[in-house]
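Colleague: Could you take me on a close tour of the inside of this protein? I would like to hear about the packed interior and the empty spaces in it.

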Amino acid sequence: MAATPQKLQSPKGTRDFYPIEMATRRHIEAAWRSASVDCGFEEIDGPTFEHLELYTIKSGEGIVNELFSFTRAGGEATYALRPEFTPTLARMVVAKGQQLPLPLKWFCMPSMFRAERPQRGRLREFQQWNADIVGTGGCEADAEIISVAVLALERLGLTPADVQVRISHRDAMGNVLRRIGVRDEGVAAAFELIDRRDRLPPEEFMKRAEVLGFTPQGTAHFERVARTRLPLSTSVEELADAVQVPIDDLAPLAALRDRLATLSLSAWCSWDLGIVRGLAYYTGAVFEIHEITGAERAIAGGGRYDTLVELFGGPSMPACGFGMGDVVLSLVLADRGLLKPEERLPRPDVFLLSNGSEVAERALPGLLSELRRSGLHARQSYKTTRNIGKLLGDAGKVRARFAAILDEKLIENTVTLKNLDTGEQTEVRLEDLGALCRAGGSRT
């Protein structure tokens, strides 16, 4: 007796992209790409897997448990599927060195892989948009990186009422932490704790803050600083007053605030001193983009990383950038009714219907090919029915703009063209069919 075939499923934490899901994905990617190109970024990509040490250089050996790593059969080198793109970007910059014209403005939209427990907003395979500026420092580049991210979100239909860019600065926060009693050697641990503030119960956060050596008063001050969120319209003077530190401690924020205002981005942005980005390679301004209620994980995160290229063996070179995954972004867009997946599938320009007559059946294949070669999206039904009503139903299901009904009128070089949006139906000459479909049915 033959064994029952095993029903296989996709690996946990991955997705199958059927046509409608793929159309949604391409819709998001189109916004990413158009925003990047319109802001002067050039597209790059790298290998799906890299030598494992590329990731341990930046993140240490602890990262290995979060990666899909492997050794080729019979080989000695260990590789890992890419969990992020920044190390690849740094390697590419170092490889070309002085040949590259600075500043670089690069973007990519690759697949990423992380061996983590799948949960809402986090999968083991996902698409991620990266945009980076390498070779120039200062708040102008930081603001431009933020602006390209906002432009894509805006093109996807989101507004400042939906998402906020929450901004801080590693140097400024270092100043504040030292001011309230953190020793230099404890700043990294304080950053790590601040980065986890929203994932820890308040009592656990306070308990861990005490371990840093604060007095009870200092612990309360630390907790208040970590949870300070104010509109970007708040001046740096007011921000310093809110966290009770001298304004000089927060001086790095002033120029960035002014630059973002110049770019008309103030409504999209807010101060959040608890944004420090746990990765140690960040060196200046840092930001995360969050859905306004905080119900989801961060949509994007990034900042300045001026020492990373040097870490990979290159020259000292300023850089900033961000990564935006498609998983959380898709959840936010769907929650606000902005995906409309059924509308993302491409609309046929014309759907050819045959009434089954000999002249129609003979003409249909050649006409279909001619229309496609002229640049139109043309389809036909593969049903054997000659019922024009059912065939029109098929054309409607795929949201075709026009239906061209082929029948005995072809003998007179004429077809019936029906506008499926308006219901208008006219007789047109065969040689005019393509032009009328391309022009939206207008005779002029």
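Modeller: Gladly, and please keep in mind that this is a predicted model. Let's begin with the largest nonpolar core, which has 73 residues. The residues with the most contacts inside that core are Trp129, Ile167, Phe222, Leu250, Ile289, Met324 and Leu329. Helix 4, spanning residues 139-155, gives the most to this core, contributing 10 residues. There is also a second, separate core of 31 residues, and Tyr55, Phe126, Val286 and Met317 are among its members. As background, nonpolar side chains tend to be buried together in soluble globular proteins.

For a closer view of the largest core, try centring your viewer on Ile289. Setting aside its neighbours within four places in sequence, Ile289 is in contact with Ala149, Leu153, Val163, Gln164, Val165, Ala298, Ile299, Ala300 and Met324. Met324 also appears in the list of residues with the most contacts inside the largest core.

Now for the enclosed spaces. The structure holds two cavities of 30 Å³ or more. The largest cavity contains about 50 Å³ of space. Its lining is made up of Asp142, Ile145, Ile146, Ala285, Val286, Phe287, Gly303, Arg304, Cys320 and Gly321. Four elements each supply at least two residues of that lining: helix 4, strand 11 (285-291), strand 12 (300-304) and strand 13 (319-325). By class, six of the lining residues are nonpolar, two are polar and two are charged. Val286, which lines this cavity, is also one of the residues of the second core.

The second largest cavity has a volume of about 30 Å³. Around it you will find Val93, Val94, Gly97, Leu100, Leu102, Leu104, Pro315 and Met317. Seven of these lining residues are nonpolar and one is polar, with no charged residue. Met317, part of this lining, belongs to the second core as well.

Finally, let's turn to an open space, the second largest pocket, which holds about 250 Å³. This pocket is lined by 15 residues, and Arg15, Phe17, Glu21, Thr24 and Ser330 lie nearest its centre. Helix 1 (19-38) and helix 12 (326-335) each supply at least two residues of the lining. The largest share, five residues, comes from helix 1. Sorted by class, the pocket lining has eight nonpolar, two polar and five charged residues.

Conventions: Residues are numbered from 1 along each chain as its sequence is written. This is a predicted model: local features need pLDDT of at least 70, side-chain atom pairs count only at pLDDT 80 or more; totals for chains, interfaces and linings use all residues. Side-chain values use heavy atoms; hydrogens and water are left out. A nonpolar core is a set of buried Ala, Val, Leu, Ile, Met, Phe, Trp, Tyr and Cys residues joined through side-chain atoms within 4.5 Å. Buried means under 20% relative accessible area, exposed over 50%, partly exposed in between (1.4 Å probe, protein chains only). Contact means heavy atoms within 4.5 Å. On a 1 Å grid over the protein atoms alone, a cavity is a set of points where a 1.4 Å probe fits but cannot get out, and a pocket is an open set with protein on both sides within 12 Å along at least five of seven lines; lining residues have an atom within 4 Å of a point. Grid points are joined across faces, edges and corners, and a volume is the space filled by probe spheres set on the points. Ala, Val, Leu, Ile, Met, Phe, Trp, Tyr, Cys and Pro count as nonpolar, Asp, Glu, Lys and Arg as charged, and the others, Gly among them, as polar.
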